[in-house]
Amino acid sequence: MTSAYAHSVRAVLSARRDVWGRRLLAAPDGPSYERARAVLAPLLYATGRGGKKLTDSGVYYLPFAFPFNVNGSRLFALHVADGSQIVLRRAGGPSVTVDVGPDGDERYGSCLGRLESATLADGYLPILDTSYTDAGGVRYEQESFVGRLYGTMSLSFVHLHVDATGAAGDTTVRLVPSPGGLLHDGNQLLSHGSTRLVWAGDGSVADSAVSFAIPAGTESDVYAAVPSGPNDGRPLQVGQRTYETARAVVSSFWQARVDEGTVFDVPDEQVGDAERALLVQELLLAWRYSAGNPYEELSFAEAADVARVMAAYGHADVAQTILRFAMRRLPERFTNWRAGALLVAHADLYRLARDRTFLNEETPKLAQLVRAVGRQIDESTSGLLAREPYSSDIGREVYALHGQAVVWQGLASLGRVWSVTGHPQLAARSRVLAARLHTGLLRAIKQSERRAADGSIFVPAALLAGERPYPNLALSRKGTYWNLVMPYALASGLLPPHGRVAHGVLRYLLGHGGRLAGLVRAGATRLYGQYPPAPTSGIDQVYGVNVARFLADADQPDQLVLSLYGMLGLAMTPDTFVAGESESVSPLHGRLYRSMYQPPNGGANAAFLENLRLLLVHETRGRQTAPRGLELAFSTPRPWLSDGQSIDVEDAPTSFGTVSFSLSRQGDSVVGTVDPPDKPTPSSVRLRLRLPAGEHVGAVRVNGRQVAIDRRTDTIDLSGLTGHLQLEAVVR
């Protein structure tokens with residue numbers, strides 16, 4: 001790390017406006033992954049509670065598993081991304097470490113200058129590939145994944161290819177289980193009758209470790225496996241054939257599982273790989289906020305967001321699993337905010353999947369939530385819900401706008417769903433409560449809002465408490481938390497997205513330190529410790545999911561594109577797509593590489609997936625959040641429709657049924673198809689062709705007939721058209 005780099009970062013963090021974001025937006029073709037990743041050093045380290053390393057090397061891990069159902073996995077193996085270690089179940093658990101070198105005492109991956117960045121097989125599969133060169137010049141290529149033997153036994157398979165052709169002397173690969181004290185039996189090491197490590201070939205065993213000698217001038221392969229949990233110690237055979245068979249099963253399983261949902265095929269390989277890799281992670285995590293660390297728990301609002309996103313990607317079965325689990329846990333951890341988030345998620349799931357059986361099963365419990373918030377509204381003289389803690393980290397009880405807005409959204413949305421699914425009394429009660437809460441919230445917002453010095457509008461998250469605008473949101477704890485929770489209110493639809501207040505709040509976010517390279521900015525104090533560098537700042541993209549929803553509602557395509565590439569370049573690990581709850585920005589303890597807090601994170605994954613979907617498919621809403629229309633390809637990056645590129649969306653769920661469309665650019669022509677939904681028919685359907693800078697749409701024909709186009713935004717109105725639509729547009 002150079003002093004110039006550290007100084008440039010500090011200068012950006014001192015600014016109120018998004019300096020990096022504005023720079024990326026000013027590029028001729030807008031933001032891109034390559035430009036975004038050049039802004040900051042990559043993410044590499046994983047930090048846990050108290051600033052402790054999550055792994056022995058400090059490098060992040062990938063949680064791998066082979067799930068048996070949609071509940072995710074209970075049996076993770078944590079594969080450290082530098083190739084140095086496999087840890088069972090949780091950080092700090094039993095492990096197997098990989099050592100290399102002439103004496104087998106150089107930890108694999110220990111010299112970052114000789115370690116190549118980790119990648120995933122085929123760009124997205126949960127199969128980790130690393131390469132390392134030891135101090136003697138011997139090159140190692142390692143691959144690992146979790147697969148099965150005998151149909152049910154879960155193991156971490158490891159293959160190391162060792163190239164010692166240019167080495168001056170022999171080298172050693174040494175696999176070291178911890179804790180030790182293991183029994184050697186044939187090609188296995190056992191603990192209390194349970195296999196801990198199994199290998200193929202001639203390995204010598206000493207002190208509960210197995211070593212493989214590779215003569216100078218040769219190449220060799222090492223195959224081994226680590227069971228994911230206790231087993232019966234039966235003799236296991238692990239070799240090239242077993243490895244390749246297990247790998248093929250893993251590959252075909254995950255390809256099929258990901259392909260079960262909606263297809264978003266875009267002309268950016270990095271975006272496509274990230275989408276599929278994050279879907280794999282979400283399918284593994286299900287309701288879990290993280291895996292392998294203390295954050296492997298239910299976090300209600302974030303889990304509800306994941307459920308909504310998975311439903312929108314066609315994985316309604318996973319969404320149902322998440323919501324069932326959350327509803328069982330809610331009574332013992334009830335807050336209005338959590339209740340509202342689950343009301344919204346159930347309404348979304350029904351709109352997108354139309355599963356009346358699941359809704360009817362959940363309705364008695366949902367009705368209890370309506371009664372719980374209804375009692376508060378009935379007893380209120382202000383029309384507001386009772387005070388409750390600002391957040392799980394701030395116990396001060398306030399009229400929390402974010403929680404109350406989500407409850408209003410849930411009442412309005414679920415009431416509308418109940419009105420068409422045979423629950424008229426619940427529907428009527430929800431409508432009445434939503435109307436009273438809506439009136440109370442708008443009155444409290446009007447009394448609480450403040451105009452900042454630059455003319456933007458600040459709406460407090462703590463209503464009627466005198467909260468005032470923060471000059472720079474990320475430089476104070478209170479400002480940071482406002483920046484994290486306010487998007488829930490903005491995305492609820494409570495404030496009309498094109499209205500005066502919402503527009504003013506957007507200006508405030510953009511001009512007062514709310515965004516960093518298009519990402520949610522936060523203090524990230526858990527990463528920096530007791531004495532953080534000044535100015536301190538981090539990224540907390542878990543809460544970007546609702547920022548994206550608000551930006552789409554407000555028709556801010558460039559900001560959505562910026563968020564997409566900001567996440568890829570700054571908030572995820574390169575090529576493996578792991579994110580934490582937060583990420584460091586300021587140089588940390590003099591290290592170049594940055595750190596994440598308790599990765600991986602299902603909420604951060606959902607933020608990227610939702611952002612990508614909203615670039616392509618966005619629903620507009622009318623009064624009381626009622627679904628109104630569809631906006632297709634409204635926010636795509638402009639290079640996606642450059643010459644030779646194509647976009648394809650298949651079976652994307654919406655409130656009106658599934659929608660599919662394709663766009664393809666050849667020379668000065670864009671051709672495409674649109675299959676709009678019609679049950680019910682949306683009030684409006686519009687398609688936007690975002691072409692590279694300097695290009696615009698000329699004449700447009702749909703099914704041979706010329707149609708109207710908004711020349712300012714190159715938006716085509718397809719409202720009222722049904723059936724299979726064929727589009728031809730001229731580029732000028």
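Colleague: Why is Ser-8 called partly exposed?

Modeller: Ser-8 has a relative accessible area of 36%. Buried means under 20%, exposed means over 50%, and partly exposed is in between (1.4 Å probe, protein chains only). The value of Ser-8 falls in between, so the residue is partly exposed. The areas come from the Shrake-Rupley method with a 1.4 Å probe, and for residues only the protein chains shown count as cover.

Colleague: What should I know about the model itself?

Modeller: This is a predicted model, in which local features need pLDDT of at least 70 and side-chain atom pairs count only at pLDDT 80 or more, while totals for chains, interfaces and linings use all residues. Residues are numbered from 1 along each chain as its sequence is written, and side-chain values use heavy atoms, with hydrogens and water left out.

Colleague: Which element does Ser-8 lie in?

Modeller: Ser-8 lies in helix 1. Helices (H or I, at least four residues) and strands (E, at least two) are DSSP runs, numbered from the N terminus. The chain has 17 helices and 39 strands.

Colleague: How do you know whether the radius of gyration agrees with that of a compact globule?

Modeller: The radius is taken over C-alpha atoms, and the globule rule is 2.2 Å times the number of residues to the power 0.38. For 732 residues a compact globule would have a radius near 27 Å; the chain has 27 Å, so the two agree. The C-alpha atoms fill a box of roughly 75 × 60 × 55 Å along the principal axes, and buried residues make up 62% of the chain.

Colleague: What makes Arg-89 and Glu-296 a salt bridge?

Modeller: A salt bridge is a side-chain nitrogen of Lys or Arg within 4 Å of a carboxyl oxygen of Asp or Glu. In this pair the N to O distance is 2.5 Å, so the definition is met. Arg-89 lies in the loop between strand 4 (85-88) and strand 5 (95-100), and Glu-296 in the loop between helix 5 (269-285) and helix 6 (300-312), so the pair ties together parts 207 residues apart in sequence. Side chains of opposite charge can pair when their charged atoms come close.

Colleague: Is Glu-296 buried or exposed?

Modeller: Glu-296 has 11% relative accessibility and so counts as buried. Its partner Arg-89, at 23%, is partly exposed.

Colleague: How far apart are the closest N and O atoms of Arg-247 and Glu-143?

Modeller: They are 2.8 Å apart, and the two residues form a salt bridge. Arg-247 is in helix 4 (residues 240-259) and Glu-143 in strand 9 (residues 139-149), so this bridge ties together parts 104 residues apart in sequence. Glu-143 is buried at 12%, whereas Arg-247 is partly exposed at 25%.

Colleague: How many salt bridges are found in the whole structure?

Modeller: The search finds 30.

Colleague: What makes Arg-17, Arg-22, Arg-451 and Arg-507 a patch of positive charge?

Modeller: A patch takes residues with over 30% relative accessible area and no salt bridge, joining like charges within 9 Å and nonpolar side chains (Val, Leu, Ile, Met, Phe, Trp, Tyr) within 5 Å. Lys and Arg count as positive and Asp and Glu as negative, while His and the chain ends are not counted. The charge is placed at NZ of Lys, CZ of Arg, CG of Asp or CD of Glu. Arg-17, one of the four, has a relative accessible area of 44%, so Arg-17 passes the area cut-off. Arg-17 is found in the loop between helix 1 (3-14) and helix 2 (19-25).
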